[in-house]
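Hi everyone, thanks for making time for this. I'd like to walk you through one model today, so please have a look at the screen.

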Amino acid sequence: MELGADLENTKNTFNDLKHAEEVQEQGKDATLVFLLPNGESFRASFKVGVTVAYVKLVVEKNTEIPCSKQILKINGKALIDPLSIIDCGVQPGSITDVTILEA
């Protein structure tokens, strides 16, 4: 019976460590304010370790602009899909405007 309890404790410890590792890999939150071609906007929070490709999926869900047609820009600079948003200059805790253009 004790073996089962030890196994459960080991499993819980592993899960806690794995979660902490995932949080560390993804970083802290940043808020992106998306400026749409029609003049509307919306906000979403992301871990700074997420990729631009993931951000485009969220934009597609909110705007119905397909990922393949989106051009995302920060301060006039296009964001590249395989990079994380921190690689594109988004800092933890920041609020950053992202212009969405439709190709």
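A quick word on terms before we count anything: helices here are DSSP runs of H or I with at least four residues, strands are runs of E with at least two, and both are numbered from the N terminus. Please keep in mind that this is a predicted model.

With that, the protein chain has two helices and five strands, and along the sequence they come in the order α-β-β-α-β-β-β. There are 103 residues in the chain, and 31% of them count as buried. If you take the contacts with a separation of 6 or more, 56% are between residues 24 or more positions apart. As for the accessible surface, we get about 7,000 Å², with 54% of that belonging to carbon and sulfur atoms.

Now let's zoom in on strand β3, residues 70-74. Which of its side chains are buried? Those of Gln-70, Leu-72 and Ile-74, which point to one face; Ile-71 and Lys-73 point to the other face and are not buried. In general, side chains in a regular strand alternate between the two faces of the sheet.

What does β3 pair with? One partner is β5, residues 95-102, in the antiparallel sense over four bridges. Another is β4, residues 77-78, also antiparallel, over two bridges. Lys-73 is a nice residue to follow here: it stands opposite Thr-99 in β5, and its bridge partner in β4 is Ala-78.

Finally, the hairpin of β3 and β4 has two residues between the strands, and Asn-75 takes a positive phi near 50° there. Thanks, friends!

Technical notes
Residues numbered from 1 in each chain as written. Predicted model: local features only at pLDDT ≥ 70, side-chain atom pairs only at ≥ 80, totals over all residues. Heavy atoms only, no water. Buried < 20%, exposed > 50% of the residue type's maximum accessible area, 1.4 Å probe, protein only. Pairing = 2+ DSSP bridges. Contact = heavy atoms within 4.5 Å. Areas by Shrake-Rupley, 256 points an atom, 1.4 Å probe, with all protein chains shown as cover.
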